Amino acid sequence: MFIQQVIVRHVAMMLKTPFKSGVDTISKKVFLVVEVHNDDGTIGYGEGLAFERPYYTEETVETMTHILETVLIPAVLHKTIDHPSYVHNLFQPVRRNYMAKAAIETAVWDLYAQLQKKPLAQLIGGTQSAVEVGVAIGLQPSEEQLVARIQRALDEGYRRIKVKITPQHDVELLETIRRHFPDISLMADANSAYTLDDIEQLKALDAFNLLMIEQPLAHDDVVDHAALQRHIQTPICLDESICSLDDMKRAVKLGSCQIVNIKLARVGGFTEAIRIHDYCEQHGIGVWCGGMLEAGIGRSHALALASLPNFIYAADIASADRYWERDIVTPIIASQDAHINVPTSAGRGFHIDEAYLEQVTIAKRCIM
Ligand SMILES: O=C(O)CCC(=O)C1=CC=C[C@@H](O)[C@@H]1C(=O)O
Ligand SMILES: [Mg+2]
């Protein structure tokens, strides 16, 4: 591969319904589409998935743009790259900025798979032909609305439901859900809304037979999570705390979690995600693929990742039409019976809807 030019698009797409977590509410998804152009004209695509505000992680759309344009794109531009993992090495000196890194790294994997004429999933070692998916339901204005949203997801065939909780909305909310749906596979994501001072409240959640509790404590913590895991039965799943293989090793050493949610964007792309996956497999930690309200490019990359063998829990990669009226790839990524087939065609497996991508692009910069 020889990277001749890189195009960075700012894209804005309205979500069908706002997504509210303990940290933010997102109605309009602003993200980056990074196009990596090879000298033969082939284009690899990646999504820059940080949000507009630094509440989920420290990165934002603007910080990604800055780091991409000033540091990361110059590091790959006009370079011959034999394998995408080399991009990971080129980015090694740059501290953190994982989402900016992932935007290019995943695009180079996408390009590489097209040039190799092999499905991306197969190239990274994927073994599952279909990925089990669940839904993530944000905080709702009322418990009735939450129950209705869960019922709708179950009617659509989903079997694993994830809800958001906060210290103000947990026990009663989960009681209501369990009253209506005693047996469903249910999990709760706290997005770091608790501290160890809330330990009694967190212990009370054991009563709800949750599949796991996601990221109850601070976004950068593995020490307190280890203490908490010793006091609660519900398996802890880390999300925000795991940005690298080193983070993962510390979590395993301390016993901070039993499960990990891997997001390509949070860990800087496929190379690190695969390492974390392999390490977890060796240490008996099951993983699953989280979501970042991706559009079609990010969603197709996530699908490839989730085909690796140790992705043993349902992914947050629900049908794209839960989020979007129209997506930037075709065909629209859709689940059937709570599974999405992993594409078997070369590359990421979905075509770019160029007309729609142009329509939702609000700014475009070409670096050559
Ligand atoms: O993409 C999806 O369907 C899952 C969305 C989701 O739960 C999240 C996306 C981004 C940030 C968080 O609010 C949250 C998460 O923590 O997993
Ligand atoms: Mg989460």
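This is a walk through a predicted model, stop by stop, with something to select at each one.

**Stop 1: the two domains**

Start by colouring the protein by its domain assignment: domain 1 takes 3-117 + 352-367, and domain 2 takes 122-350. Put a centre on each using the C-alpha atoms, and the two points sit 22 Å apart. Now show the contact between them, which uses 38 residues of domain 1 and 36 residues of domain 2. On the domain 1 side, the elements giving two or more residues are β1 (3-20), β2, β3, α2 (85-91), α3 and α13 (354-360). Which of these gives the most to that side? Pick α3: its share is 11 residues.

**Stop 2: the sheet under α3**

Stay in domain 1 and select the strands β3, β2, β1 and β15, in that order; together these 4 strands make an open sheet with antiparallel pairing. The edges are β3 (43-48) and β15 (361-367), each of which pairs on one side only. Look along the strands and you'll see neighbours turned by 20° against each other on average, if you ignore direction. α3 packs on this sheet, where it touches β2 and β3, and its direction makes about 155° with that of β3.

Zoom in on the β2 and β3 pair, which run antiparallel and are joined by 6 bridges. For a landmark, click H37, which stands opposite I43 in β3.

From there, go to E35, which is in strand β2 (residues 25-38). Is E35 buried or exposed? It counts as buried, because 21 other C-beta atoms lie within 10 Å and the cut-off is 20 or more. Leaving out residues within four places in sequence, the contacts of E35 are V6, I7, I43, Y45 and A107. If you want a distance to draw, try E35 to P119: C-alpha to C-alpha they are 19 Å apart, with their positions 84 residues apart in sequence.

**Stop 3: the nonpolar core**

Next, bring up the largest nonpolar core, a set of 118 residues. Select A103, I104, V260, A315 and I317 in it, since these have the most contacts inside the core. Helix α3 (residues 98-116) is the top contributor, with 12 residues. With your domain colours still on, you'll find that domain 1 and domain 2 each supply at least three residues to this core.

I104 is a good one to centre on. Setting aside neighbours within four places in sequence, I104 is in contact with V34, V36, G46, L68, L72, V76 and V87.

**Stop 4: the annotated lysines**

Where does an unreviewed UniProt entry put the "active site"? The entry lists K164 and K263.

Take K164 first, in strand β6 (residues 160-164). With 24 C-beta neighbours inside 10 Å, K164 is buried. Beyond four places in sequence, K164 is in contact with S21, G22, G138, L139, D189 and N191.

Now jump to K263, in the loop between β10 (259-262) and α10 (264-267). K263 is buried too, as 25 other C-beta atoms lie within 10 Å. Not counting residues up to four places away in sequence, K263 touches G290 and M292.

**Stop 5: the annotated binding site**

For the last stop, select D189, E214 and D239, which the unreviewed UniProt entry covers with "binding site". They are spread over 51 residues of sequence but cluster in space, with a largest C-alpha distance of 9.2 Å.

You've already met D189 as a contact of K164. D189 is in strand β7 (residues 185-189) and is buried, with 25 other C-beta atoms within 10 Å. Besides K164, D189 touches K162, E214 and Q215, again leaving out residues up to four places away in sequence.

Slide across to E214, in strand β8 (residues 213-214). E214 is buried, with 29 other C-beta atoms within 10 Å. Show its contacts beyond four places in sequence and you get M187, A188, D189, A190, C237, D239 and N261. Both D189 and D239 are in that list, so E214 touches the other two residues covered by the "binding site" annotation.

Terms used. Residues are numbered from 1 along each chain as its sequence is written. Chains are lettered from A and ligands numbered from 1 in the order in which they are written. This is a predicted model: local features need pLDDT of at least 70, side-chain atom pairs count only at pLDDT 80 or more; totals for chains, interfaces and linings use all residues. A nonpolar core is a set of buried Ala, Val, Leu, Ile, Met, Phe, Trp, Tyr and Cys residues joined through C-beta atoms within 7 Å. A residue is buried if 20 or more other C-beta atoms lie within 10 Å of its own, exposed if 12 or fewer, and partly exposed in between; C-beta atoms are placed from the backbone. Domain bounds come from an automatic or database domain assignment. Two residues are in contact if their C-beta atoms, placed from the backbone, lie within 7 Å. UniProt positions are given in the numbering used here, feature names are shortened, and annotations may be inferred rather than shown by experiment. Two strands pair if DSSP finds at least two bridges between them. Axes are lines fitted to C-alpha atoms, for helices over the stretch in contact, and angles run from 0 to 180 degrees between N-to-C directions.
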